[in-house]
Amino acid sequence: MLALDRLRWGAEAALAKDPSEALVIAVTTRAIFNLEEEHKLYLEKGKEEYTRHQKSNQDKPLQPGTAFAFIQAAQYVNKKILESNPAEKDLFDILVLSNNSPESGVRIINSTKHYGLEISKFCFVSDEDSTQYLKSHGVKLFLSADRTDVCNALRRGVSAALVFQQEVQAPSTPLRVVFDGDAVLFSDETDQVFREQGLEGAVQYERAMEAVPMGEGPLKAFAMHLGKMRNKFSQEKSPIRTYLVTARSGRDMGIRAIKTLREWGLAIDEAFFMDGAPKGPILAQIQPHIFFDDGLHNIQGARNVGVPSAWVPSCC
């Protein structure tokens, strides 16, 4: 009976979502579930054998993947928002975007039902570039395990990141999201100065530009909508917590970052200016549901401590 009530609640919440107002997140099947063995089968034996395997195992639930806990936590946020205001339309709306055929997609749908995930929209697209449908669905964030997909989405102006498959412990609620700064929340302007003039040149540039807000990075739009949802609650009762964990030095380069967030009206719960130190230890303490960074070395450090990570490529 409890499972039935949970599914009924999910269906009602799904009906209440308006894509024009909701925070729409698209995930691929390999981002939300562990399909590495199935993907290997697809690469080695082709689409027909892959489809046959998925059809014959359609009632066998897939194991959770990297983005699974993030989606669960987003569902928790929806629940808390609706408890506060049953008429609220500003909710997470999760869309599964897949290159699976509809026949092999049955296992995906059954897996989401098995775990009680609040997902009602599934797009099974055989086209090579399924990201062409992102904007028509109003997607604000796209998570994929395929780099080409992510690059295509970024070129289309959609916030996107590449998830790396790993076994992760599902963190407790509330939803915790960690952003890197440059080339993620902010533009990569200072990174470019650093590459051309070194650290001293970047520090001098930041001092000269301290009063000028930085440009927006690829995940700003997503972060702003997340911040709007967070602000529906007091800080103590919010089901969302956001973090900035950046390699910037707080003394030399932190003021501009803080002023930029202030200019945007984006409140961050906690900010860590690491001055180039490894991010893994602080991420292990935060235990986020997802961590966004443009540096692969930082992504690897996060993965080493079991943190679900998503890479935002600065060049495709």
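**Exercise 1. A serine and its surroundings**

In which strand is the place of Ser309? Once that is settled, describe the exposure and the contacts of Ser309 in this predicted model.

*Solution.* Begin with the secondary structure: Ser309 has its place in strand β10, which covers residues 309-311. Next, take the accessibility; Ser309 has a relative accessibility of 0% and therefore counts as buried, since the cut-off for that class is under 20%. Then turn to the polar atoms, where the side chain of Ser309 places a polar atom 2.8 Å from the backbone oxygen of Val307. Finally, list the contacts beyond four places in sequence, which include Thr66, Leu162, Val163 and Phe164, as well as Phe291 and Ile299. The domain assignment, which gives domain 1 as 23-163 and domain 2 as 175-311, is the subject of the next exercise.

**Exercise 2. The interface of the two domains**

Describe the contact between domain 1 and domain 2 by its extent, its polar links and the elements that build the side of domain 1.

*Solution.* Step one is the overall arrangement: the centres of domain 1 and domain 2, taken over C-alpha atoms, are 26 Å apart. To the contact, domain 1 contributes 25 residues and domain 2 contributes 21 residues.

Step two is the area. The size of an interface is often expressed as the accessible area that is lost when the parts come together. Here about 1900 Å² is buried between domain 1 and domain 2, with carbon and sulfur atoms giving 76% of that area. On the side of domain 1, the residues that lose the most area to domain 2 are Leu23, Phe70 and Asp90, which together make up 26% of what that side buries.

Step three concerns charged and polar links. Three salt bridges are found across the interface of domain 1 and domain 2, along with four residue pairs in polar contact. The elements of domain 1 that each supply at least two residues to the side touching domain 2 are β1 (23-27), α5 (68-84), β4 (139-144), α7 (147-155) and β5 (160-163). Of the elements on this side, α5 gives the most, with eight residues. By residue class, the side of domain 1 that touches domain 2 holds 17 nonpolar, three polar and five charged residues.

Step four picks out a single pair: Asp90 and Lys228 form a salt bridge between their side chains, with an N to O distance of 3.7 Å.

**Exercise 3. Salt bridges that join separate parts of the chain**

How many salt bridges does a search of the whole structure find? For the pairs Arg156 with Asp129, Asp180 with Lys279, and Lys279 with Asp293, work out which parts of the chain are joined.

*Solution.* The search of the whole structure finds 22 salt bridges.

For the first pair, the side chains of Arg156 and Asp129 meet at 2.5 Å, N to O. Arg156 is in the loop between α7 and β5, and Asp129 is in the loop between β3 (121-124) and β4, so the pair ties together parts that are 27 residues apart in sequence. Arg156 is partly exposed at 32% relative accessible area, whereas Asp129 is buried at 17%.

For the second pair, Asp180 and Lys279 form a salt bridge of 2.9 Å, N to O. Asp180 belongs to the loop between β6 (175-179) and α8 (189-208), and Lys279 to the loop between β8 (270-273) and α11 (280-286), so parts 99 residues apart in sequence are tied together. Both Asp180 and Lys279 are buried.

For the third pair, Lys279 also forms a salt bridge with Asp293, whose closest N and O atoms are 2.7 Å apart. This pair links the loop between β8 and α11 to strand β9 (residues 290-293), the two residues being 14 residues apart. Lys279 has a relative accessibility of 2%, and Asp293 has a relative accessible area of 0%.

Beyond these pairs, a network of salt bridges links Asp182, Glu189, Glu206, Arg248 and Arg256.

**Exercise 4. A loop glutamine**

Is Gln235 buried, partly exposed or exposed, and which residues does Gln235 touch?

*Solution.* First locate Gln235, which lies in the loop between α9 (220-230) and β7 (240-246). With a relative accessibility of 43%, Gln235 counts as partly exposed. Leaving out residues up to four places away in sequence, Gln235 touches Arg230, Arg241 and Asp269. With Asp269, the side chain of Gln235 makes a polar contact of 3.2 Å, while the C-alpha atoms of Gln235 and Asp269, 34 residues apart along the chain, are separated by 8.0 Å.

Terms used: Residues are numbered from 1 along each chain as its sequence is written. This is a predicted model: local features need pLDDT of at least 70, side-chain atom pairs count only at pLDDT 80 or more; totals for chains, interfaces and linings use all residues. Side-chain values use heavy atoms; hydrogens and water are left out. Helices (H or I, at least four residues) and strands (E, at least two) are DSSP runs, numbered from the N terminus. Buried means under 20% relative accessible area, exposed over 50%, partly exposed in between (1.4 Å probe, protein chains only). Contact means heavy atoms within 4.5 Å. A polar contact is a pair of N or O atoms within 3.5 Å; within protein, one must be able to donate a hydrogen and the other to accept it, and residues adjacent in sequence count only if both atoms are side-chain atoms. Domain bounds come from an automatic or database domain assignment. Buried area is the accessible area (1.4 Å probe) that two parts lose on being put together, summed over both. A salt bridge is a side-chain nitrogen of Lys or Arg within 4 Å of a carboxyl oxygen of Asp or Glu. Ala, Val, Leu, Ile, Met, Phe, Trp, Tyr, Cys and Pro count as nonpolar, Asp, Glu, Lys and Arg as charged, and the others, Gly among them, as polar.
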